[in-house]
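Open your viewer and get ready to click along. We will walk through a few stops, one selection at a time.

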Amino acid sequence: MRPEMEKVVSELEKVIAGKRDVIGKILMALLADGHILLDDVPGVGKTTLAVAISRAIGLAYRRVQFTPDVLPSDLVGFSMYDRGTGRLVYQPGALNHANLLLGDEINRASSKTQSALLEAMEERQLTVDGVTYPLEKPFLVIATQNSVGTSGTQWLPFAQVDRFLVRLSLGYPDYEAQMAMLRDRQGANPLDQVQCVLTREALLGMQQTVQHLTTKDSILDYITRLTMASRTHPRLEAGISPRGALFLDRMAKAHAWMDGRDYVTGNDVQAVFMDVCAHRILLRDPTEGISAEQVLNELLRDVENPDHHSRLGGLLKR
Amino acid sequence: MKKRIAVYAVWAVLACLLYFFENHTDTRIILACTLFLPCLPAVRHSLFREDQRTRKAMFLPRTTRSMVSREEDEPGDLRAYLPGDPVSRIHWKLSAKRDTLLVRPQATSSGQEETVSDTAREDSCPAGQRMQRRGLLIIALSGLLALVLLLLLPAARLGMQGILNRLFDASEASNAYLYDHFPVPDTQPVWPAVLLLVVMVLALTAVSLLTGTRAPMLFLIFACTVLQIYLGIRLPAGTNILLFTGLLFLLMARPWKWQAARTILCSMAALALAVLLLWPGMDVTTEAASEHARDWLSQTFLQISGTVRETPEGMTETRHVHTQSLTEGDLPARSARTFRLSTLEEKQISMPHHVNYLRIALLLLLTVVLLVLPFLPFAMLNRHRKQASEHIASFQSADTREAILAIFQQVIAWLEATGNASGNLPYARWEADLALHLSPEYALRFAGCEKLFEEAAYSSHPIPEDYRQRLLNLLRETEQTLKARADWKQRLRLIYRECLWT
């Protein structure tokens, strides 16, 4: 791992122990300039992690706890009449000055609030009363949804889940990690010990670098063949969208960069494939007892990877 | 399952009886198919091994299943079963899946519940396999149906006989043509032709063993069958069985496993049986016995019906003579053919004008194939050699990137030729398998050089020149490691590759 990222990870490990791989993936998503959907049970440290990330990288942190009566104007702001000047004055919402937004239990929000947030995520700007406000850079949304106790909630539609770069889950800590956590919390709050080891500007620079990594045509060809295969797979109602392919490429770049390389390999694509694509496909018959992950594994197994594909002469020519 | 075996047994016994009493080509085919069908491993599996429940679920209409599936989309609506809940509200399917009882809060319509109870268990095999099995079962069933139709419909039987007759006719005609236009004296030695054939078979076998393709073997089997059926060349039965068995063995034995061997043995036994059954003249004893039995039966019948009569001795005798003439009567048949050829009218009958050209064309084609075939292996070898020399030339190419790719592909080719490849995994993840199969040290070296390959293949910055030497070292080490650990089959292949590549 890159030394600068290694530093960030070790800062984050002060508050969340034993979750190195998930932390790595979140940082990758941050580098790829995408948003994260955390599918998790309550109380595993989603909020703590988000706060810790914002402190370690020096990002402005906002949090929205979604309930059915959170309105779009709470997020994007609204205009208020000022009696003194007789004008409408714009009151910024939660999104306006946030670099890192934690949207807790996004599936509890009403659908119009959800769509307001998702639109802002996609466009990276807000439009209120005809005036457009650009959002801060970087802008990362970590949305969480609980898979238990979901009565009376509004699940994100399939089309909107597609806008998240990755879907991750933290999961419960193991024995060692939980013991370490309990021991740490005896005295001071470990969140206070997290230091800023990376500046916002440095992060923006890294994002630029990641975006311009070399991806050869053979890799793009692999991504295309993977996604095309998912679209014609007999078990799938809906395969991976073109946006999914785009995100796969971005995430693979971030993975390669984290690994200290300046080029993407087929292995990078395979490493991030599950996290990027598992929430993008729709099973035709969920009663079969076959999960999306199994279908994706099948794709990885069957679609010829670029290392092998090169033998057909493709790689030598390019 | 027992029921199915019983049905099959009854069917087999009936086929045997049919064969015993009605001894001709049709019944032979029926019996051969009956015995051969369950020897196909997949059919055997679907007929005898499969769980009853799976088959039920398999044939359930698709709409019913998707109806059930739609219901499962809202698992949030379910809660655990508490004592006192009405049994009718239990969601049986999900309960079966999660191993605890789950209850719907609101009662749903009763129609759905009925369908749910039908597919209460998830079957254990994945759906792809199920589809395959379904296909095989359909094939087997349609085969059986065709056989039954063949038995029941006289028109179908006659048609079948017509086809066989035509085949026989065609081979007769081509034989006649050959005899007529290319007269060969009896004293002409046949060994050059036999030698040519033997060399061809050996060459094709060697090629298929070394390159690992099965196409030449398939071709040989096909050629042997066609030659025998169409041209009327008949080898002795024992030779034939040995030949086909050997070819089949070579065809199937490549990925060597006990299970595969068992399947092959079963198939061979079935094949031998089928050949024995279909071979005219091989079953004289059966025929004689069945005639005796028929005579005895008719005598008994007549005795019971009251009109006792002596069996005319001559009938059985004539049959025996007829049978014998089939088995031993090579000479009269041949002389009859010569005779037929000498009369003009007969020739016109056996070779209608419009078929003649087709037959001649077919014969020419066959001749060309026979002439070209012995050279095919050499052509293939030559092509491989050429490819190899081009590939080796690129090892020293001025473009380091291209050279590295070529060398690494060569390493992979070596590993694949000896069965050490890890399938469709990226090369970066081959290390574990290599450590297991070859040696941990080699695996480490491989992983190190694999990084260089990746850099050459996927990066755009210039590649240092010393990578080439490192990869060449890996190639040399690969050759040594593989040679040290190869068994005789792999060694044969390695020697072949070495001959090609140096």
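Start by selecting B:Leu494, which is partly exposed because 17 other C-beta atoms lie within 10 Å, and 20 or more would be needed to call it buried. Keep in mind as you look around that this is a predicted model. B:Leu494 belongs to helix 24 of chain B, which covers residues 488-501.

Now show what surrounds this leucine. Setting aside neighbours within four places in sequence, B:Leu494 is in contact with B:Ala417, B:Thr418, B:Leu482, B:Lys483 and B:Ala486. Try a distance too: from the C-alpha of B:Leu494 to that of B:Glu479, 15 residues apart along the chain, you should find 8.8 Å.

**Next stop: helix 20 of chain B**

Select residues 400-417 of chain B to light up helix 20, which has 18 residues. From its first C-alpha to its last, helix 20 reaches 26 Å, close to the 26 Å expected at 1.5 Å a residue. Which residues of helix 20 are buried? Among them are B:Ile404, B:Leu405, B:Phe408, B:Val411, B:Trp414 and B:Leu415, and B:Gln410 is on the list as well. Just after the helix, click on B:Gly419, where phi is positive, at about 75°.

**Over to chain A**

Zoom out to see chain A, with its 14 helices and eleven strands. Of its 318 residues, 39% count as buried.

Select residues 217-231 and 242-258 of chain A, which are helix 9 and helix 10. Their axes are 10 Å apart and the packing angle is about 140°, so the two helices are oblique to each other. Turn the view to see how helix 9 of chain A passes helix 10 of chain A in a right-handed crossing. Where do they meet? A:Ile223, A:Thr224 and A:Thr227 of helix 9 touch A:Gly244, A:Ala245, A:Leu248 and A:Asp249 of helix 10. Colour these residues by type and you get three nonpolar, three polar and one charged.

**Last stop: another helix pair**

Select residues 266-277 and 292-302 of chain A, helix 11 and helix 12, which pack at an angle of about 150° with axes 10 Å apart. The crossing of helix 11 and helix 12 of chain A is right-handed. Helix 11 of chain A brings A:Gln270, A:Phe273, A:Met274 and A:Cys277 to the contact, and helix 12 of chain A brings A:Glu293, A:Leu296 and A:Leu300. By type, the residues of this contact are five nonpolar, one polar and one charged.

Conventions:
Residues numbered from 1 in each chain as written. Chains lettered and ligands numbered in written order. Predicted model: local features only at pLDDT ≥ 70, side-chain atom pairs only at ≥ 80, totals over all residues. Axes fitted to C-alpha atoms, helices over the stretch in contact; angles between N-to-C directions. Helix = DSSP H or I, 4+ residues; strand = E, 2+ residues; numbered from the N terminus. Parallel < 35°, antiparallel > 145°, perpendicular 65-115°, else oblique. Left-handed = near helix turned anticlockwise from the far one by under 90°. Contact = placed C-beta atoms within 7 Å. Nonpolar A, V, L, I, M, F, W, Y, C, P; charged D, E, K, R; others polar. Buried ≥ 20, exposed ≤ 12 C-beta atoms within 10 Å, placed from the backbone. Expected span 1.5 Å × (residues − 1).
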